[in-house]
Amino acid sequence: MDLNYDEAHIKGKTILITGGAAGFGAAFGARWAAAGATVILGDINTSAGEKVTAQIREESQNQNVHFIQLDVTSWASQVNFFREAVGLSPHGGIDTVVANAGINDVPEANAFENPKVDYMNDPSPPAPTFKTLDVNLTGVMYTVHLALFFLPKNPGSTNCKTESTTSEPGRDRHILLLGSVASLHPLMTQTPYTVSKHGVLGLYRCLRISGPVNAGVRVNIVCPYYTDSQFMQAPVRTLLAGTPLGQPEDVVEAATYLVANSSCSGRSLVTGPKLKLNPSTGELDVLDGSKGGQEGPIWECYLHDMDPADIFTQRMLGLVHAAIKVRGWVGWAYDMAGALTWPIRQRWPRSSR
Ligand SMILES: NC(=O)c1ccc[n+]([C@@H]2O[C@H](COP(=O)([O-])OP(=O)(O)OC[C@H]3O[C@@H](n4cnc5c(N)ncnc54)[C@H](O)[C@@H]3O)[C@@H](O)[C@H]2O)c1
């Protein structure tokens, strides 16, 4: 798909990125700092975070790049991250929160499917650990919960416009989630990771509707396929040998499109190797340049997610559409009142009242 955006719309935005010391988080930070955003990276890895921050500052010549130590699994740490970020933001608000921190603890996944403890006879059998769920799900829920508190308080921001077709620069209220192909398909043997990323997708599917209605916050998700980064461990690389991987720059491009376009709301982009849709078979082929069809490393998914599937969804959607309509009329009435009282307000400006 074509991703049209105006990079100038990123300038001046305050963007928080969890897990910003490496991989996608660091690459997002570098790209958006170069475009003039205030970037606040949070990560559990302090030395890597401070190093990346210094590097981004130097390369972008942007001094509004900061690092705050953050453990997303700790509520207190997350609260501190958001509070400190507000203090560092030049305009005192937050425009975009990227819930990016994520892990895949492979030994833990193996242990889950192959219980080694004698649960019958062990006098005090330990519970299994779920670090992957702690970071990828509880951590993301903490981040999103705080984002839903702080984003509507962003000074000068307004409710996101779900029906707008043009992007606008300036203040924003945006949550960007990092899903995965594991949000859409099972990664066999990687059960906790798959469960966590399905959970992140569930979060997106709920909030893409209620976020704009309740808090004027737009919610989007990027779901990368296996991408060439430190996240990809040796066994997975071995299994995928000979097949193309996704490229980090395509993940950055998809995320940048969503950050720059304030009219993007409820969008879900999948990134992967360069593929094209074979129009005759409807299948995706690895790009080899020999056949026609649409090509590219970024696709939209969940386009028809909101087609009514059951009575509950149908009625909820009815309520949402009604709320949008009412909000439209309220907005019109507000503008009309402003227009009618304008001559009076002109005569007695607020400062002289
Ligand atoms: N790389 C891929 O192939 C791929 C594919 C699909 C989805 N993803 C998702 O993209 C996101 C970023 O992945 P990446 O490839 O950049 O990974 P990465 O390992 O390169 O970076 C993840 C960062 O998160 C940090 N982190 C880990 N635990 C944390 C915690 N408790 N608190 C704060 N920070 C913590 C790490 O220190 C690291 O800097 C993850 O959510 C991941 O699941 C990655």
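**Exercise 1. State the volume of the largest pocket and describe its lining.**

*Solution.* Step 1. The largest pocket holds about 1,200 Å³ of space, a volume being the space filled by probe spheres set on grid points joined across faces, edges and corners. A pocket is an open set of points on a 1 Å grid over the protein atoms alone, where a 1.4 Å probe fits and protein lies on both sides within 12 Å along at least five of seven lines; lining residues have an atom within 4 Å of a point.

Step 2. The lining comprises 46 residues, and Gly102, Ile103, Asn104, Tyr193 and Phe231 are the closest to the pocket centre.

Step 3. The model is predicted: local features need pLDDT of at least 70 and side-chain atom pairs pLDDT 80 or more, while totals for chains, interfaces and linings use all residues. Residues are numbered from 1 along each chain as its sequence is written, and side-chain values use heavy atoms, without hydrogens and water.

**Exercise 2. Determine which pocket the ligand occupies and which residues come nearest to the ligand.**

*Solution.* Step 1. The ligand takes up the space of the largest pocket (more than half of its atoms lie within 2 Å of the grid points).

Step 2. Around the ligand are 29 residues (each with a heavy atom within 4 Å); Phe24, Asp43, Asn100, Tyr193 and Thr227 come nearest.

**Exercise 3. Identify backbone polar contacts of the ligand and state how much of its area is buried.**

*Solution.* Step 1. Polar contacts are pairs of N or O atoms within 3.5 Å. Ligand oxygen atoms lie 2.8 Å from a backbone N or O atom of Asn100 and 2.8 Å from one of Thr227.

Step 2. For Ile44, a polar backbone atom is 3.4 Å from a ligand nitrogen atom.

Step 3. The isolated ligand exposes 820 Å², of which the protein buries 93% (Shrake-Rupley method, 1.4 Å probe).

Terms used
Polar contact = N/O pair within 3.5 Å; in protein donor to acceptor, adjacent residues only side chain to side chain.
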